[in-house]
Amino acid sequence: MSPITKLPLRLAAVPSLSRSLLRPALGLQLVRQVSTVKATSAQEQDTILVAQRKNRPCSPHLQIYQPQLTWILSSFHRITGVGLAVGFYALTCSYAFGSLLGYPIDTASLVGLVAGLPVALKIVGKAIAAFPFAFHVGNGFRHLAWDFGSQLSIKGVYTTGYIVLGFTAAVGSYLAFLA
């Protein structure tokens with residue numbers, strides 16, 4: 001006969017046994033707090049639903065994430081694209097509706113309007129248009145490089161991101177202040 005060895009009983013090894021042994025020994029009792037409310041009308045159900053939603057915790061959303069170059073540039077690419085499109089369509093529609101309504105907007109009147117502005121306002125206006133344009137163009141070339149399968153590594157993504165920022169600073173400054 002083989003000798004029988006006594007092994008110590010580990011509670012963690014047998015979860016159901018550990019729960020059944022610990023509860024009476026420690027006086028623990030797991031109680032789930034559940035409250036029910038009977039509602040008969042839709043208004044009462046909506047009131048209960050609103051109250052439950054007020055008690056629901058909010059998701060941490062963007063506050064828990066460290067800002068990274070990748071998602072910041074992606075966000076600004078979309079924002080600049082929308083801004084440039086809105087500006088383009090506003091100018092195009094003003095030309096179209098002006099001629100339809102009998103107040104034609106021509107290039108000479110726009111040049112005269114801009115020529116009458118103070119120099120500081122001209123530079124600010126050019127900068128508001130030039131920097132988003134330069135960024136969107138530079139980031140567009142970055143996306144084209146990605147479409148061809150180039151610079152898809154983490155190092156390549158960050159390198160091209162910094163190149164886009166340099167391109168934006170150089171070309172935007174040139175367009176705003178020198179052109």
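Which residues line the largest pocket? In this predicted model, the lining is made up of Ile79, Thr80, Gly83, Leu84, Gly87, Phe88, Ile128, Ala129 and Pro132. The space inside comes to about 230 Å³. Two helices, H3 (69–100) and H5, each put at least two residues into that lining, and H3 has the largest share, with six residues.

Stay with Phe88 for a moment, since the pocket isn't the end of its story. Search the whole structure for aromatic pairs and you come back with one. The partners are phenylalanine 88 and tyrosine 89: their ring centres sit 5.4 Å apart and the planes meet at 65°, so this counts as an edge-to-face pair. The cut-off behind that call is a plane angle over 60 degrees. Both phenylalanine 88 and tyrosine 89 are exposed, too, so Phe88 is a pocket-lining residue that also clears the mark of over 50% relative accessible area.

Now follow H5 over to the surface. Val119, Ile123, Tyr174, Phe177 and Leu178 make up a nonpolar patch there, and their accessible area adds up to about 550 Å². Again a pair of helices is involved: H5 (119–147) and H6 (154–178) each bring at least two residues to the patch. This time H6 gives the most, with three residues.

Phe177 is a good one to pick out of that group. Phenylalanine 177 belongs to helix H6, and its relative accessible area is 52%. Exposed means over 50%, which is why phenylalanine 177 gets that label.

Conventions: Residues numbered from 1 in each chain as written. Predicted model: local features only at pLDDT ≥ 70, side-chain atom pairs only at ≥ 80, totals over all residues. Heavy atoms only, no water. Phe/Tyr/Trp six-rings, centres within 6.5 Å; stacked < 30°, edge-to-face > 60°. Buried < 20%, exposed > 50% of the residue type's maximum accessible area, 1.4 Å probe, protein only. Patch = residues over 30% accessible without salt bridge, like charges linked within 9 Å, V, L, I, M, F, W, Y side chains within 5 Å. Areas by Shrake-Rupley, 256 points an atom, 1.4 Å probe, with all protein chains shown as cover. Salt bridge = Lys/Arg side-chain N within 4 Å of Asp/Glu carboxyl O. Helix = DSSP H or I, 4+ residues; strand = E, 2+ residues; numbered from the N terminus. 1 Å grid on protein atoms, 1.4 Å probe; cavity = no way out; pocket = protein on both sides within 12 Å on 5 of 7 lines; lining within 4 Å. Points joined across faces, edges and corners; volume = space filled by probe spheres on them.
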